[in-house]
Every structure is written in C-alpha cells, then in structure tokens.
Amino acid sequence: MADTQPLQAQDKLAFLLALVPYLIDRERVSVAEAARHFGVPEARIRRAVELIAVSGIPGETMQYQHGDLFDIAWDDFEQNAMIVLTNLVAIDDSPRLSAREASALIAGLQYLSALPEAADREAIRALMAKLSRGAGGAAANVAVGQELHDATLTTIRRAMSECRGLVFEYAGPRSKGSTRRVDALRVESIDTDWYLRAWDLDRQALRTFRLDRMTNARVDDRPAERSIEDVVIPDTLFQQSSNDVIVTLELDASSLPLVADFLADTADAPDDGGRVRIRLAASSGFDGVVRLVAGLPGRAVVIDPPAARDAVRDFAESALSAD
C-alpha cells in the first residue's frame with residue numbers, strides 16, 4: 001500500500017496518541033498487524049515507531065538523559081519487524097487503579113457478563129484482562145458467585161437471544177409451585193439474590209421472580225410477545241398491583257436502605273428511638289413480608305394488618321418447633 005497522503009501535524013499527533021497505548025496494551029506486535037489495525041501502510045507504522053523512540057520528557061536539567069525517552073527493542077524491530085516498547089515515559093507516571101479498585105471493577109464486569117442481555121462478552125473479558133494488567137498491584141482473583149443459577153441463567157439467555165418464551169415452575173417459600181409462562185426481559189440482583197423481570201402471560205403484567213425459586217426452566221416453542229423495548233421497567237425491583245395488600249412495619253432507621261426497593265410510598269420520619277414506620281405492598285400470602293422480617297431479626301415488627309402478623313407468627317412457631 002503506497003503512503004501517498006502524508007499526515008498533517010495535528011493528525012500525526014492524534015495517530016501517535018492512539019498508537020502508543022495500542023503498543024503498550026499488546027506488549028509485542030508486528031508491524032504488519034499494527035498496520036492492519038489502523039488501516040495504514042506499514043511504512044507509516046515504521047516512521048511512527050521511529051518518531052516515538054526519539055520522544056519523551058526532559059528531566060530536571062531540562063535536557064534529555066537516559067530514561068527520559070521512549071525506547072524499543074531495535075534488533076527485533078529491524079530484523080523481525082516486531083514492535084516492543086522497552087522504556088515508557090510519562091505514561092508510567094500516570095495514576096493507576098489500586099489492586100483493590102481493579103478487583104472491584106473486575107467483579108462488576110463478571111456480574112455484567114452473567115446477565116443475559118450482555119451481548120459482547122469477548123469485549124468484557126478483554127477489559128477485565130486490561131484491568132488486571134494495568135492495576136498498581138496484582139489484582140485479587142475474584143469471582144461473582146452464581147453457580148447455583150448457572151443453568152437457569154443459560155436458559156434465560158437462550159430464550160432472550162432467540163426471542164422465544166420461557167416456561168418454569170415457580171414456588172414461594174410456603175406456597176405450592178405453579179407453572180409460569182413469561183417473556184423474559186431482564187435479570188438483576190440485590191446482594192446475593194438474583195431476580196428475573198418478565199412479562200407474565202397469564203397475568204398480563206410485569207412480574208419479578210427469584211431465580212432460586214425457579215425450577216425446570218425451559219425455552220418455549222412460541223415466539224416472545226413482549227421485549228424490553230415494549231415494557232417500561234421501573235427502577236424499583238418490585239411494583240404494586242391492584243391485588244396487593246399494604247402492610248405496615250416498624251423497623252430501625254439504619255435498616256431502611258435494605259428495604260428501599262420494596263416501599264409502597266415514602267417512609268415516616270424516625271421517632272426519638274430511631275424507629276421508622278414503612279408501608280409495603282405484599283401479596284395475600286405475605287411470603288415476602290415473612291422473608292423480610294426473618295432477615296431482620298429483632299429489627300422489624302409487623303404492625304398491620306392482623307393477617308400479616310399471623311403469617312409471621314406462624315412462621316416463627318414453625319421454625320421453633322423444627323428445632
């Protein structure tokens with residue numbers, strides 16, 4: 001390929017600013033591969049590398065000394081047409097992520113890659129590799145645990161990618177299971193719990209399902225009727241329906257962030273003892289209320305209605321008798 005269009009100074013600088021990070025990221029790359037990546041002749045890559053090798057930042061004496069310039073493995077470059085930067089200037093001095101920061105971002109990317117709607121998983125894996133290499137220290141080996149839901153997540157991902165319906169058996173903690181037919185829309189998590197947001201065909205409404213209560217998930221033969229573009233999904237995980245019962249609870253103000261996604265309206269102001277009253281929208285079986293109170297032992301009390309108090313009492317008596 002003939003290099004018939006010389007770059008202007010501004011374009012040359014932009015090209016060098018793109019080329020240097022590319023070479024650093026790949027550590028060792030051929031002239032031909034770099035030329036293909038940028039869509040330029042190999043001669044332009046060679047000239048750019050030669051220019052990089054005489055570029056740098058002067059030291060305290062304002063004169064260029066050893067170590068103030070970029071350097072490359074010249075023998076490898078001239079004999080094998082391979083580019084290897086052996087000394088980096090200024091870029092190494094830029095702030096880097098700490099090992100803990102890189103580990104946190106990697107964990108977040110692992111979570112993202114598990115979601116069915118995450119299409120470009122190769123890009124996510126490449127970004128995780130960059131974070132591991134670019135951290136100021138060795139990033140910890142982290143993993144977002146979802147092994148218990150891997151099979152279900154795989155089935156959900158397949159249903160969404162093929163634009164087909166999803167069928168599964170679903171049971172509450174104290175209720176008998178039933179077959180649910182849905183169009184899967186999104187998978188989300190709160191702490192260690194994973195949830196499926198889906199359009200329920202039998203109820204003709206948006207519903208939220210816990211993955212650990214789904215069994216025998218399978219892709220349906222029918223095409224999906226709803227997609228994520230057709231349904232407005234609220235920011236809160238749970239939504240109130242016309243059949244829900246409003247339950248009033250009292251709990252410590254410090255526990256309020258744990259139940260923020262479940263509130264039917266705003267919480268009352270804390271009293272002098274740091275207790276607040278909240279209202280939740282619950283199904284008539286009160287399974288969610290029982291689970292919430294059990295997860296906040298000694299910190300949450302059901303005030304109203306009596307049926308919800310009875311459900312919590314029955315759960316506690318059943319747990320005590322089991323011991």
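**Two helices, one strand and some unusual backbone**

Me: Which residues of α3 do V31, A32, A34, A35 and F38 in α2 meet?
Reply: Both elements are helices (DSSP runs of H or I, at least four residues; strands are E runs of at least two; numbering starts at the N terminus). Contact means heavy atoms within 4.5 Å. On that basis, the α2 residues V31, A32, A34, A35 and F38 meet three partners in α3: E42, I45 and R46.

Me: What kind of model is this?
Reply: Residues are numbered from 1 along each chain as its sequence is written, and side-chain values use heavy atoms, without hydrogens and water. Local features need pLDDT of at least 70 and side-chain atom pairs 80 or more, while totals for chains, interfaces and linings use all residues, because this is a predicted model.

Me: At what angle do α2 and α3 pack?
Reply: Axes are lines fitted to C-alpha atoms over the stretch in contact, and angles run from 0 to 180 degrees between N-to-C directions. The axes of α2 and α3 lie 8 Å apart, and the angle is about 110°. That makes α2, relative to α3, roughly perpendicular (65 to 115 degrees; under 35 is roughly parallel, over 145 roughly antiparallel, the rest oblique). So the helices are roughly perpendicular, at about 110°.

Me: Which residues of α2 are buried?
Reply: Buried means under 20% relative accessible area, exposed over 50%, partly exposed in between (1.4 Å probe, protein chains only). In α2 (residues 31–38), the buried residues are V31, A34 and A35. They cover an arc of only 100° (directions from the helix axis to the C-beta atoms), so they sit on the same side of α2. The names, then, are V31, A34 and A35.

Me: Is R275 buried or exposed?
Reply: R275 lies in strand β11 (residues 275–282). It touches residues including E250, D252, P270 and V301. Its relative accessibility is 16%, so R275 counts as buried.

Me: Which residue has its backbone oxygen 3.0 Å from a polar atom of the side chain of R275?
Reply: A polar contact is a pair of N or O atoms within 3.5 Å, one able to donate a hydrogen and the other to accept it; residues adjacent in sequence count only if both atoms are side-chain atoms. At 3.0 Å from the R275 side chain, the oxygen belongs to R299.

Me: Where is Q204 found?
Reply: Q204 is not a glycine, yet its phi is positive, about 50°. With a relative accessible area of 45%, Q204 is partly exposed. Its place is the loop between β7 (193–200) and β8 (205–210).

Me: Which residues does a cis peptide bond join?
Reply: P305 lies in the loop between β12 (300–304) and α9 (306–322). Omega is about 0° at the bond joining D304 and P305.

Conventions
Lists of a residue's contacts leave out its neighbours within four places in sequence.
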